[in-house]
Every structure is written in structure tokens, then in C-alpha cells.
Amino acid sequence: MGYKEGMLRDGALDNKTVIVTGGGTGLGKSMATYFLKLGANVVICSRRLEVLETTAKELEEQTGGQILAIACDVRKTEEIENVITKSIEKFGQVDGLVNNSAGNFISPTERLSYKAVDTVVDIVLRGTYYFTLALGKYWIENKIKGTVLNISTTYAWTGSGWVVPSAMAKAGVLAMTKSLAFEWAEHGIRLNAIAPGPFPTKGAWDRLFPEELAKKFSFENRIPLQRVGDHQELANLAAYLVSDFSAYITGEVITLDGGEVLSAGQFNFLKEVSEDQWDAIEDQIKNANRNSKKSE
Ligand SMILES: CCCCC/C=C/C(=O)SCCNC(=O)CCNC(=O)[C@H](O)C(C)(C)COP(=O)(O)OP(=O)(O)OC[C@H]1O[C@@H](n2cnc3c(N)ncnc32)[C@H](O)[C@@H]1OP(=O)(O)O
Ligand SMILES: NC(=O)C1=CN([C@@H]2O[C@H](COP(=O)(O)OP(=O)(O)OC[C@H]3O[C@@H](n4cnc5c(N)ncnc54)[C@H](OP(=O)(O)O)[C@@H]3O)[C@@H](O)[C@H]2O)C=CC1
């Protein structure tokens, strides 16, 4: 047993229908795959229908599960409503939503046009609150205890230069997660989020670590646990959070990053100190302790 294996038992998502935005590629595809293996019906949606249909065919063959692919730009409310209507027509109801769609790229902020900032913020923040609002209204009206999982990032807490539109939007998503978790708890609706560290995907790597930079960037040195994330690790946590096993968790943001976000610790530079140096440092400190006692 290891972190590359599925964590939940067979049938853990039986009788649930979950919509995964951006489910045709990357982490969305990995989550959709695991949800199907656990018995869920899955709806994947994003802008490129051909990508979604190819993924749907592949996952249907791989898992034997039921999957529906629908084109949807999450910035357009009528397209979101169409996804919800078609999902209910096919599966009877919708129980879960994973807001996973995103747009992002690195750039000095002063180089960005207004439209460039709007593009990222609209996909990440507007897309997430549009979809959540549309499903929340449906759940409240139909007394369904739905659950929302938002895929955020660690820099939503810390901020980060060179990805400012994404940082602003992901921080807004976290504020929404916690605010609505309280407000909609009385309807039995839960909202949680995952803040992933680096998980290799083509979408993220092409836009955040283009070849020129990838050579200079060492994940092993940056991440305390010295590796990138495995997709199954994220899928395991996501499946748990959309399942009824997490029924008492709401408004929570779980960081899944091998400890990367902890590198802000003020004394973490001491990682570089050798054993011999520590011997010398310990002597110096103990000397200082003795001297301060003498002068008392
Ligand atoms: C390891 C740590 C991980 C950190 C966390 C990761 C977070 C992630 O979100 S990773 C997910 C990455 N995946 C994606 O971004 C997939 C979807 N992305 C896209 O489709 C594009 O990147 C998009 C966001 C730019 C949207 O594409 P599209 O709708 O086709 O928009 P346009 O190409 O028309 O561009 C709109 C606007 O943005 C300007 N622009 C685009 N790229 C850049 C750039 N590299 N630098 C500066 N400006 C850029 C573009 O020029 C347009 O503006 P105007 O020129 O004013 O029209
Ligand atoms: N990979 C990583 O290391 C990390 C990823 N994340 C987050 O994980 C999530 C998945 O990212 P990842 O798998 O890496 O990247 P991908 O690029 O593979 O996923 C992004 C998805 O969003 C979809 N999308 C983009 N714009 C829209 C839109 N306007 N409407 C609907 N869907 C849209 C894309 O599909 P299409 O083009 O067909 O619309 C694509 O499937 C994102 O929320 C990202 O911020 C967070 C931290 C780290």
C-alpha cells in the first residue's frame, strides 16, 4: 500500500453524481477517473468538447463508469445552467461539484493588459462562484445536501508575485468557501477546498515552468518532502471530501504540498548547516550561556 493507490473502499461514491469542471485534462481528469472507479456518475465540462469527448471515451473504457461530457465556458451562466440541466436529465440529480477549471500563466504584472488579468480572474473566481451559485440554488430548492470542492493553491494564503491574477482569484475562492460553508450549513451543503503544491500536468507546466525556467527550478530543493505530488494523492483527498465520509468537515482548506508552503519559516535556512558546524554553534551558544551567568 502506498500513496499511488486508491484510498477509499469500492462503492464509496455509489449513487452520487459529481460535476468536475476542467475534467478533460490534468488533475480534473485524475479526480474524474477515481470518482468513476468509486462508483460515481461523473460530468466533465470545459471549453474544448473534443478534448472532453476523448477523455470520456477513455475513462468509460478504463473504469466502466458513466460519464457525460458537455462543453461549457465557466464564465457563461447560460452554459453552466445547460450543464446542470443535462446532468439532471441523464442522472436524475447532481450531488457534488468540483470547481477545478483554471487559467494561469507567469508574467511580470506590469506587462499584463487589463484583458489578461480579467481572463484569469474570470475563469478562476467568476467561474467558481457562478457554478457554485447555480448549484446552490438548485440544492436548496430541492433539499439536496450537496457538496462543493474548490481546487485552490497554496499561494492563495501567502500571495505570490508573477501570478498575481491567479493569486487574487484563488484567495477570493477561499473566502467564498469559508463564507458559504457557514451560510449554507443549515441546508446541509458543505464546501471545502484543497490547496495543492506542484503536481505535474501539461496545462500547468507549459504556462508556469516553460523550458527556459524548468531547467533552473529544482523541486527537490524547494519541497521539504523532496518530490512533486502524485495525482492519486490529490484524487484520494478529493474523493474523501466529496464523499459522505467527510460529512462533519466544512469550510476547511487542506494543503497538499509536501511542506512547500512552510519554507517561509524564518530559520529554515539552517537546513544548510552541517553536523560539524552544529557542534561549533552549540559550543558558542553554551559559552554565551556560561558568560551571561558569570556577569549576573
Ligand atoms: C507548481 C505550482 C502551481 C501553482 C498553481 C497552479 C495554478 C494553475 O492554475 S495551473 C492551470 C494552468 N492551466 C491553464 O491555464 C489552462 C487554461 N489556460 C488558458 O487557456 C490560457 O492560458 C489563458 C488563461 C490565457 C486563457 O486563454 P484564452 O481564453 O485563449 O485567452 P487569450 O489567449 O485570448 O488571452 C487573453 C489575454 O491574456 C493575454 N495573455 C495570454 N498569455 C499571456 C502571457 N504569457 N503574458 C502576458 N499576457 C498574456 C493575451 O495577450 C490576452 O490579452 P490581450 O492581448 O490584451 O487581448
Ligand atoms: N498542477 C499543479 O501543480 C497545480 C494545479 N492547481 C489547480 O489545479 C486545477 C487543475 O489544474 P491542472 O490540471 O494543473 O491544469 P489544466 O490546464 O490541465 O486544467 C485546467 C482546466 O481548466 C479548463 N478551463 C480553462 N478555462 C476554462 C473556462 N473558461 N471554462 C471552463 N473550463 C476552463 C481547461 O479546459 P479547456 O481548455 O477545455 O477549457 C482545463 O481542463 C486548477 O484549478 C489549478 O489552478 C493548483 C495548484 C497546483
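Here is a short tour of a predicted model, to follow with the viewer open.

Start with the whole protein in view. The C-alpha trace spans about 80 × 45 × 40 Å along its principal axes. Colour by secondary structure and you should find eleven helices and seven strands. Of the 296 residues in the protein, 37% are buried. For a feel of how the chain folds back on itself, take the contacts between residues at least 6 apart in sequence: 74% of them join residues at least 24 apart.

Next, select ligand 2 and show what surrounds it. You'll get 30 residues, and the closest are Gly 22, Gly 26, Ser 46, Arg 47 and Gly 203. Colour this shell by residue type: 15 are polar, eleven nonpolar and four charged.

Now bring up the helices around that ligand. H1 (26-37), H4 (114-141) and H7 (202-208) each put at least two residues into the shell. Which helix gives the largest share of the shell? That's H1, with three residues.

Then hide the ligand and go to the largest nonpolar core, which has 62 residues. The members that touch the most others are Met 31, Phe 35, Val 42, Ile 44, Val 98, Ala 238 and Ala 239. Here the top contributor is H4, which gives eight residues.

For a last stop, click on Ala 238. What is Ala 238 in contact with, once you leave aside its neighbours within four places in sequence? Look for Met 31, Val 98, Leu 149 and Ile 194. Two of these names, Met 31 and Val 98, should be familiar from the list of core members that touch the most others.

How values were computed:
Residues numbered from 1 in each chain as written. Chains lettered and ligands numbered in written order. Predicted model: local features only at pLDDT ≥ 70, side-chain atom pairs only at ≥ 80, totals over all residues. Near = placed C-beta within 6 Å. Helix = DSSP H or I, 4+ residues; strand = E, 2+ residues; numbered from the N terminus. Nonpolar A, V, L, I, M, F, W, Y, C, P; charged D, E, K, R; others polar. Core = buried A, V, L, I, M, F, W, Y, C linked by C-beta atoms within 7 Å. Buried ≥ 20, exposed ≤ 12 C-beta atoms within 10 Å, placed from the backbone. Contact = placed C-beta atoms within 7 Å.
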